[in-house]
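Visitor: Pick one part of this model and take me through it slowly. I'd like a close look, then a walk outward from there.

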Amino acid sequence: MARSQWGSRLGFILAAAGSAIGLGAIWKFPYVASQNGGGAFLLIFIGFVFTLGIVMMMAEMALGRAAHSSAVGAFRKMGGKHWALVGYMGVLVGFLILSFYSVVGGWTIAYIVKSIGGEIISSDAKVLGGIFSSFISSPSEPLFYHAAFMALTVGVVLGGVQKGIENLSKFLMPALFVMMLVLIARGLFLPGALDGVAYFLDPDFSKVSAKTIIDALGLAFFSLSLGMGAMITYGSYVEKDTSIPGSAAWVVLLTTVVCLLAGLMVLPAVFAFGFDPSAGPGLTFITMPAVFAKMVGGQLFSVVFFVLLLVAALTSAVSLMEVVTSFMIDEFHMRRVPAALLMASLMFALGVPASLSLGIWSEYTLFGKGVFDLLDYTTSNLLMPLVGVLLALLAGWKIWPQIEAQLAVGTRSSALWLPAMKLTCRYIAPALIGFVLVNGL
């Protein structure tokens with residue numbers, strides 16, 4: 001069966017950027033940056049993104065195109081049968097992430113509904129915090145929206161690579177950028193907002209700890225969709241004459257810009273309204289409605305914002321769903337429809353205890369973490385970096401000629417940076433990621 005391909009290089013870049021941007025940049029980045037001191041964390045995060053991040057992204061895309069297969073098949077074909085285990089780990093990461101990510105995606109749908117009803121248009125921190133806490137701790141309401149989000153994700157994936165994933169990304173990702181700029185412009189004029197800008201951009205290295213570095217690396221991998229098979233799968237759909245380094249650079253740049261915009265969108269408002277900058281996963285859902293309450297036509301802006309946040313969540317979720325669906329198609333020769341439906345059902349089932357762990361099952365913990373937090377920590381801080389280490393070793397030592405051949409296509413002066421990438425894959429990435437992994441255990 002002929003493998004699908006992207007319709008254009010722009011479509012591939014926007015789809016990959018959509019995978020990378022998602023809730024990782026807009027939902028997760030502001031609160032993780034807040035919990036780690038703001039400016040210093042931002043610099044460390046950017047350092048990881050533009051060194052290890054771009055190298056690992058190029059390696060994943062090159063591996064996917066060279067093997068012309070999804071994650072498991074790519075590792076098996078290029079590295080040998082034992083390396084297929086790394087591919088299985090990547091698919092597992094995608095499976096685990098989407099199970100709890102769909103819960104958060106469901107929150108965005110719920111907040112669209114709440115925006116239409118006008119119940120979240122308030123600038124009172126206690127009111128907004130109470131609404132959010134009451135919602136996520138409900139035993140049934142979040143599960144309904146979790147199911148709705150999973151259904152939307154499946155719907156896009158069933159449309160295929162070009163008609164589903166690419167068309168969604170090309171139309172809606174630019175709209176997200178525009179909306180974020182409008183909200184930043186409004187938020188910066190709120191009294192006290194500049195304190196939030198200073199907190200976000202002014203580095204205080206006294207707040208840097210081992211946790212800061214671990215969280216920065218984990219968020220870099222999460223935000224760029226690395227270590228979960230997504231970029232390998234997307235790379236397998238890339239035409240042979242498309243420049244992978246150029247495409248990867250655009251994806252990394254767009255993702256970083258959105259992370260910066262997300263910080264400037266959320267943190268000035270946090271300080272303007274006296275919210276807690278380390279409030280956690282609910283920060284965006286609590287902060288942004290307060291901004292809308294201060295805007296003319298705020299209810300309309302609220303609806304539009306959460307629709308676009310849903311789109312951002314959807315583009316990432318689609319990439320994860322494509323990882324597990326492509327795996328089932330390639331490994332078990334299933335058709336796209338039953339493969340996607342089976343995986344969606346299983347991930348929805350795992351998302352149920354993840355959602356309930358934020359409410360009625362909150363007392364049940366493992367290693368001090370509920371199911372939701374445990375899935376987040378295990379994937380972002382352990383499994384994704386581990387897959388990254390193994391991929392770097394495979395690319396740098398065992399299959400470097402094939403990786404180099406893929407990266408040299410359509411690029412000039414490749415002799416200047418390819419040796420540096422080879423050195424990074426062989427020594428720097430395994431050593432640095434390994435150090436962070438060991439200290440994160």
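Guide: Let's settle one term before we start: a salt bridge here is a side-chain nitrogen of Lys or Arg within 4 Å of a carboxyl oxygen of Asp or Glu. Bear in mind as well that this is a predicted model.

The part I'd pick is arginine 65, in helix H2, which runs over residues 39–67. Arginine 65 is buried, yet it has no salt bridge. The nearest side chain of opposite charge belongs to aspartate 241, and that one is 6.1 Å away. With a cut-off of 4 Å for a salt bridge, aspartate 241 at 6.1 Å doesn't make the list. So what does the side chain of arginine 65 join in a polar contact? It's the side chain of glutamine 406, at 2.6 Å.

Now look around arginine 65. Setting aside the neighbours within four places in sequence, its contacts include Gly235, Ser236, Val238, Glu239 and Lys240. Asp241, Thr242 and Ile244 are in contact with arginine 65 too, and so are Gln406 and Val409. Aspartate 241 therefore turns up twice in this story: it is in contact with arginine 65, but it falls outside the 4 Å that a salt bridge needs.

Stay with helix H2 for a moment, since phenylalanine 50 is found there as well. This residue is partly exposed, at 37% relative accessible area. Phe50 joins Trp250, Leu253 and Val257 in a nonpolar patch on the surface, and together they have about 350 Å² of accessible area. Helix H11, residues 244–272, gives the largest share of that patch, with three residues.

Arginine 65 goes without a salt bridge, but the structure holds six of them. Take lysine 114 and glutamate 141, whose closest N and O atoms are 3.6 Å apart. Lysine 114 sits in helix H4 (residues 84–117) and glutamate 141 in helix H6 (residues 141–158), so this pair ties together parts that are 27 residues apart in sequence. Lysine 114 is buried, at 8% relative accessible area, while glutamate 141 is partly exposed, at 30%. There's a third member to know about: Lys114, Glu119 and Glu141 are linked in a network of salt bridges.

Helix H9 gives you a local version. The side chains of lysine 211 and aspartate 215 meet in a salt bridge of 2.6 Å, N to O. These two are four residues apart in helix H9 (residues 210–223), so about one helical turn separates them. Lysine 211 counts as partly exposed at 46% relative accessibility, and aspartate 215 counts as buried at 15%.

Further along the chain, arginine 336 and glutamate 322 form a salt bridge at 2.9 Å, N to O. Here helix H14 (residues 336–356) supplies arginine 336 and helix H13 (residues 298–332) supplies glutamate 322, with the two positions 14 residues apart in a link between distant parts of the chain. Glutamate 322 is buried, with a relative accessible area of 0%.

One last stop, in helix H14 again: alanine 339 has its place there. It's buried too, at 0% relative accessible area. Beyond neighbours within four places in sequence, alanine 339 is in contact with Thr325, Met328, Ile329 and Met334. For a sense of scale, the C-alpha atoms of alanine 339 and valine 252 are separated by 30 Å, and the two residues are 87 apart along the chain.

Note on methods. Residues numbered from 1 in each chain as written. Predicted model: local features only at pLDDT ≥ 70, side-chain atom pairs only at ≥ 80, totals over all residues. Heavy atoms only, no water. Buried < 20%, exposed > 50% of the residue type's maximum accessible area, 1.4 Å probe, protein only. Lys, Arg positive; Asp, Glu negative; His and termini not counted. Polar contact = N/O pair within 3.5 Å; in protein donor to acceptor, adjacent residues only side chain to side chain. Contact = heavy atoms within 4.5 Å. Patch = residues over 30% accessible without salt bridge, like charges linked within 9 Å, V, L, I, M, F, W, Y side chains within 5 Å. Areas by Shrake-Rupley, 256 points an atom, 1.4 Å probe, with all protein chains shown as cover.
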